[in-house]
Amino acid sequence: MAFIPHTERDVAQMLAAIGVSSIEQLFEEIPANLRIKSLAGVPTALNEMEIGRLMSARAKADGRPLCFIGAGAYEHHIPSAVWAITTRGEFYSAYTPYQAEASQGTLQLLYEYQSMIASLTGMQVSNASLYDGASAVAEACLMAVRANRKSKSQRILVPTTVHPHYRKVAAATAGNQGLRFEEVPYCTAEGRTIVEALGKYDGQDISALVIQQPNFFGVLEDVDALTDWARARHIFVIAVVNPTSLAMLKPPGEWGANGVDIAVGDGQPLGVPLSSGGPYFGFIATRMEHVRQLPGRIVGRTVDLSGRSGFTLTLQAREQHIRRAKATSNICTNQGLLVTAATIYMSIMGPQGLERVAAASHARTRELVTALSRVKGVRTAFTSPCFHEAVLLFDRPIAPVLKSLEGHGVLGGLNLAEHYPELGPALLVCATETKTAEDIDAYARALTEAMKAARAA
Amino acid sequence: MGHQVMNEKVIFEYSQPGRGATDQWPQAVPEATDVPAALRRRSAPMLPEVSELEAVRHFTRLSQLNFSIDTHFYPLGSCTMKYNPKACNQYAMLPEFLARHPLGPESHGQGFLACMYELQEMLKEVTGMQGVSLTPMAGAHGEFAGVAMIRAYHRARGDLARNEIIVPEAAHGTNPATATMCGCVVREIAVGEDGDVDLEALQAAVGPKTAGIMLTNPSTLGVFERRIEDVARIVHAAGGLLYYDGANLNAILGKVRPGDMGFDVIHMNLHKTFSTPHGGGGPGAGAVGVSARLMPFLPIPIVGKDGERYRWLSEADLPQSIGRLSAFMGNAGVLLRAYIYMRLLGREGMAQVGEFATLNANYMLARLRTAGFEAAYPQRRASHEFIITLKRQARELNVTAMDFAKRLLDHGFHAPTTYFPLLVPECLLIEPTETESKDVLDAFIEALVHIQREAEEEPEHVRAAPHTMPVRRLDDVRAAKQLDLTWKPKPPGSTDPSLAELPA
């Protein structure tokens, strides 16, 4: 069961070569009192047919409801070729390309990925990935503190409109090194950060400002004004962006007069399934002048002994296996396989395909918002333009309504009560190109009934 | 054997304006009028414009330039490159699992949550720990969670001076890097000549500032830390906690548990011991396990069980948690693969893993020593991996560990880990894993013997290896000095000199 190929004869020959009489003897250096007595808590083995049956039953129990939740994880169409190639053993079962000559496939793919991310974000360089969007924000904050030599404070401004989980991960990760995160409130009518809210920081030592575009509500921030405000004060700008949106929206490298310093985000929308939250991957891109402050792996193109073009891991002097306690990060393994999927996805979709995905997702969300805000007791929350996600306000508590929608096979969105109680009953909804007019109709009908039932109750 | 792919253009060089996999595109929609012009993108991103077949062919060819477990023996020490069963991938990728939104209701996730809960329980059992959180996304991420918990524990007790993490000099680079990320100070201690921690050095290092010690056992030297109970006693007596780096858990799976050795917190590399794929550099999964006293500090979310219902535990349930380390719950799909692997092995398979991993390593070590190779720790039993040192070959023949490693590629074997641990000069750290047969091990040993003979007779041939790979040795200095990190379109009419030299 443990995929062990040894025959009895093999074992006998091997023990003889070692000069011991049993496998047990190989463990003689382990104190006897420490040896395991039982593994009763682990069930007995299943064969592949049995595990297949068990997993299929569990998957079926979870079902496939019609899902209108976004909030940092987005359902998009994924071409069949993406995972057919990604799960080829040569990609799936290889490791970090330490032996460059035997890993040119992975290395070249990473170089192509870095090129695509740099172009998509409008930045000059990208690394080979981080764990996810949230941890990428944390790494970007640490990087900004290292790279911003004009600031000593380690104070980071983070608008409330940044994904609440990203804010928590940044605090849990970077707080240990003394970084302090200060929340910038938003305008509750517009659903976005206004530059005036930053006025109180004028003249203070601030290391970086984080700006998410579109923000957690799907609302478009005034990225030019925010970027210019920060950069005029030697405050680093960290952009948090949705990669699909970048086919339609201005890339961080072009925000304001001179672009941002660091752009990060979650790469999940690029060919990675929702899969309960992971594995996804984080991307990080920056200006060439900060390349030595990037965390994680970076691939470069060079030449071999014959002058032939080839690819290798480079700038390794930043990394933990060389610099140990002085490394830019402790990251080692990152999310190579997801980057493989994303690179294939971006290649198949191309610039026009990705632009179509962005435009269709945006159009579907507008249709959804129009349909749902016709339902009695439901209205849109904000006046500002959005991208492919929006907040709706309800005249009654959200939780029972969502429960009732579930009964119709619809996951209606994310209840904002926990993270944004100041909005009152509010729901974050999202539609992508995967939703049809019929799906949107089905949601609107279910919501009409759910609201009717709620009023009657 | 068919044609071997030796080089492949960069995908952008296939690009033709106007070409595309149009069947994959959604229907065009009228341009959105609600997005202000100032916020719009002005020029299209540089993504390839290729047909679906061109993309499929390109990436399939790239895959063929890789060594992998599925195609080659991959004895990369400390990485546990064992077979990744196909069933683990197949059943983790059932459509319902792939479509499940991370913020979807628990009512539509009982099947998934049941797998996660049972995975937590099985990991507790095989490690002897009291609580498990699955959320860290890699080994180093698990290390971060572990050291952050150690800090939180001392802080909660008002013991604010404890900020030193003791790390043996042979440790993985991630250990000291993690301690720094957690805001701690690293204190390295010596390892004795027999490969065990120097207890006197440890005794001298501990004190009122000791937050804890990070240990790998078996250590990165490929030997079991025999006095682990003394280490635990010394560190605990000084008020510190013990962190277990699970990189080498495969060596002892089913034989001995970190919890029984006295460790307070551990991380497990599920992509090593529990056979989830390495994916060309991730995703991993670095679940953490803790003793009772650290349970309040576990990172969230964790899966709990009320009666027959599974549910997420969050801040409300664990107010002292070190917090959230990933946007959602970590690498869920990797965790599903580990769950399937553990169920396939069951308790009987689990007990065999450490045994056969150790048998394979000791067999290789014995045969290589017979063939004249020098073991770094000849007086010790190997764990699941071992070190040979080629310092004599480097000195006498001017053929280094790197040269041996590169020449192994020509023999169709991925190289072992080279030049790690840093303590042993000219070393190869070799980890065969339990899923390799004696025949493969024998062939690898023969290859090393062959290379040794070649090093004596034709050393320049070994020094120039590899000879049969898609590229020869690469100029790493140039890579770091003349940075070329993204592809740029060439001006019309120019040719790339490096490509022009390609053999026909």
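How many bridges pair β11(A) with strand β12 (residues 390-394) of chain A, and in which sense do they run? I looked this up before anything else, keeping in mind that the model is predicted.

**Entry 1: an open sheet in chain A**

I found that β11(A) and β12(A) pair over three bridges in the antiparallel sense. As one example of a bridge, A:V378 has A:F394 in β12(A) as its partner. I then followed the sheet outward and noted four strands in the order β11-β12-β15-β14 of chain A, forming an open sheet with antiparallel pairing. The edges are held by β11 (378-380) and β14 (414-415) of chain A; each has a single partner strand, so one side of each is left without a neighbour in the sheet. As background, I recalled that strands of a sheet pair through backbone hydrogen bonds, either parallel or antiparallel.

I also looked for what lies across these strands. Helix α10 (residues 336-373) of chain A lies across β11, β12 and β15 (426-429) of chain A. I recorded an angle of about 140° between α10(A) and β11(A).

**Entry 2: a covered strand in chain A**

Next I turned to strand β6 (residues 236-241) of chain A. I noted that six of its six residues are buried. Which residues of β6(A) point one way, and which the other? A:F236, A:I238 and A:V240 point one way, whereas A:V237, A:A239 and A:V241 point the other way, and all are buried. This follows a common pattern: in a regular strand the side chains alternate between the two faces of the sheet.

I then checked a partner of this strand. Strand β5 (residues 208-213) of chain A is joined to β6(A) by six bridges, and the two strands run parallel. Within this pairing, A:V210 has A:I238 as its bridge partner in β6(A).

**Entry 3: where the chains meet**

I asked how many residues of each chain take part in the contact between chain A and chain B. The count is 166 residues of chain A in contact with 175 residues of chain B. On the side of chain A that touches chain B, α10(A) gives the largest share, with 20 residues. I sorted the residues of that side of chain A into 85 nonpolar, 55 polar and 26 charged.

I followed one residue of chain B into this region. B:L474 sits in the loop between α14 (459-463) and α15 (476-481) of chain B. Leaving aside residues up to four places away in sequence, B:L474 touches A:A100, A:T302, A:D304, A:G310, A:T312 and B:A479. Is B:L474 buried or exposed? I entered B:L474 as buried, because 25 other C-beta atoms lie within 10 Å. I also computed a separation of 43 Å between the C-alpha atoms of B:L474 and B:F263, which are 211 residues apart along the chain.

**Entry 4: chain B as a whole**

I counted 16 helices and 13 strands in chain B. Its C-alpha trace spans about 75 × 75 × 45 Å along the principal axes. For 504 residues, a compact globule would have a radius of gyration near 23 Å; I found 26 Å for chain B, which agrees. I noted further that 60% of the 504 residues of chain B count as buried. Of the contacts in chain B with a separation of 6 or more, 74% are between residues 24 or more positions apart.

The domain assignment of chain B gives domain 1 (11-63) and domain 2 (115-345). I found 44 Å between the centres of these two domains of chain B, taken over C-alpha atoms.

**Entry 5: backbone details**

I closed by looking for exceptions to a general rule: most residues other than glycine have a negative phi, and most peptide bonds are trans.

- The peptide bond between A:G278 and A:P279 is cis, with omega about 0°; A:P279 is in the loop between β7 (262-266) and β8 (282-286) of chain A.
- The peptide bond from B:N217 to B:P218 is also cis, with omega near 0°; B:P218 lies in the loop between β4 (210-216) and α8 (228-237) of chain B.
- A:A71 has a positive phi near 55° and belongs to the loop between β1 (66-67) and α3 (80-86) of chain A. I entered A:A71 as buried because there are 24 C-beta neighbours inside 10 Å.
- B:S78 is not a glycine, yet its phi is positive, about 80°. I placed B:S78 in the loop between α1 (52-63) and α2 (86-92) of chain B. B:S78 is buried, with 20 other C-beta atoms within 10 Å.

Terms used
Residues are numbered from 1 along each chain as its sequence is written. Chains are lettered from A and ligands numbered from 1 in the order in which they are written. This is a predicted model: local features need pLDDT of at least 70, side-chain atom pairs count only at pLDDT 80 or more; totals for chains, interfaces and linings use all residues. The radius of gyration is taken over C-alpha atoms; the globule rule is 2.2 Å times the number of residues to the power 0.38. A residue is buried if 20 or more other C-beta atoms lie within 10 Å of its own, exposed if 12 or fewer, and partly exposed in between; C-beta atoms are placed from the backbone. Two residues are in contact if their C-beta atoms, placed from the backbone, lie within 7 Å. Two strands pair if DSSP finds at least two bridges between them. Axes are lines fitted to C-alpha atoms, for helices over the stretch in contact, and angles run from 0 to 180 degrees between N-to-C directions. Domain bounds come from an automatic or database domain assignment. Ala, Val, Leu, Ile, Met, Phe, Trp, Tyr, Cys and Pro count as nonpolar, Asp, Glu, Lys and Arg as charged, and the others, Gly among them, as polar.
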